[in-house]
Amino acid sequence: YESFEAKMSAYTVLCEQTFEFSRKDLFEIQRMWQECINDPNDENGFLEEETKLMIEDAYEGFMVYLKNEN
């Protein structure tokens, strides 16, 4: 339960807080996302479908910043 609670708290922050990103930050987020997709494991949470969907949702929200720059 503690792990679930921590995961939900982190997800809430990622979804509700406004962040400022540099292009470098956004490309690093893209790189990390690709690593998660290419090597799913327990460490990055991709073995749990719910966690994968939460990470993907946060990623898509961050990539909006990159798309808005173009």
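Student: Which cysteine sulfur is closest to the sulfur of Cys-36, and how far away is it?

Tutor: The closest one belongs to Cys-15, and at 16 Å from the sulfur of Cys-36 it is too far for a bond. This is a predicted model, in which local features need pLDDT of at least 70 and side-chain atom pairs count only at pLDDT 80 or more, while totals for chains, interfaces and linings use all residues. Residues are numbered from 1 along each chain as its sequence is written, and side-chain values use heavy atoms, with hydrogens and water left out.

Student: So how many disulfides does that leave?

Tutor: The count comes to zero, a disulfide being a pair of cysteine sulfur atoms within 2.5 Å. Seen from Cys-15, the closest cysteine sulfur is in Cys-36, and the 16 Å between them is too far for a bond.

Student: Is Cys-36 buried or exposed?

Tutor: Cys-36 counts as buried because its relative accessibility is 15%, where buried means under 20% relative accessible area, exposed over 50% and partly exposed in between, with a 1.4 Å probe and protein chains only.

Student: And what about Cys-15?

Tutor: Cys-15 has a relative accessibility of 39%, so it counts as partly exposed.

Student: Changing topic, where does Thr-51 sit?

Tutor: Thr-51 lies in helix α3, which covers residues 49-69; helices (H or I, at least four residues) are DSSP runs numbered from the N terminus. With 10% relative accessibility, Thr-51 counts as buried.

Student: What does its side chain touch?

Tutor: The side chain of Thr-51 makes a polar contact, at 2.7 Å, with the side chain of Lys-7. Such a contact is a pair of N or O atoms within 3.5 Å, and within protein one must be able to donate a hydrogen and the other to accept it, with residues adjacent in sequence counting only if both atoms are side-chain atoms.

How values were computed
Helices (H or I, at least four residues) and strands (E, at least two) are DSSP runs, numbered from the N terminus.
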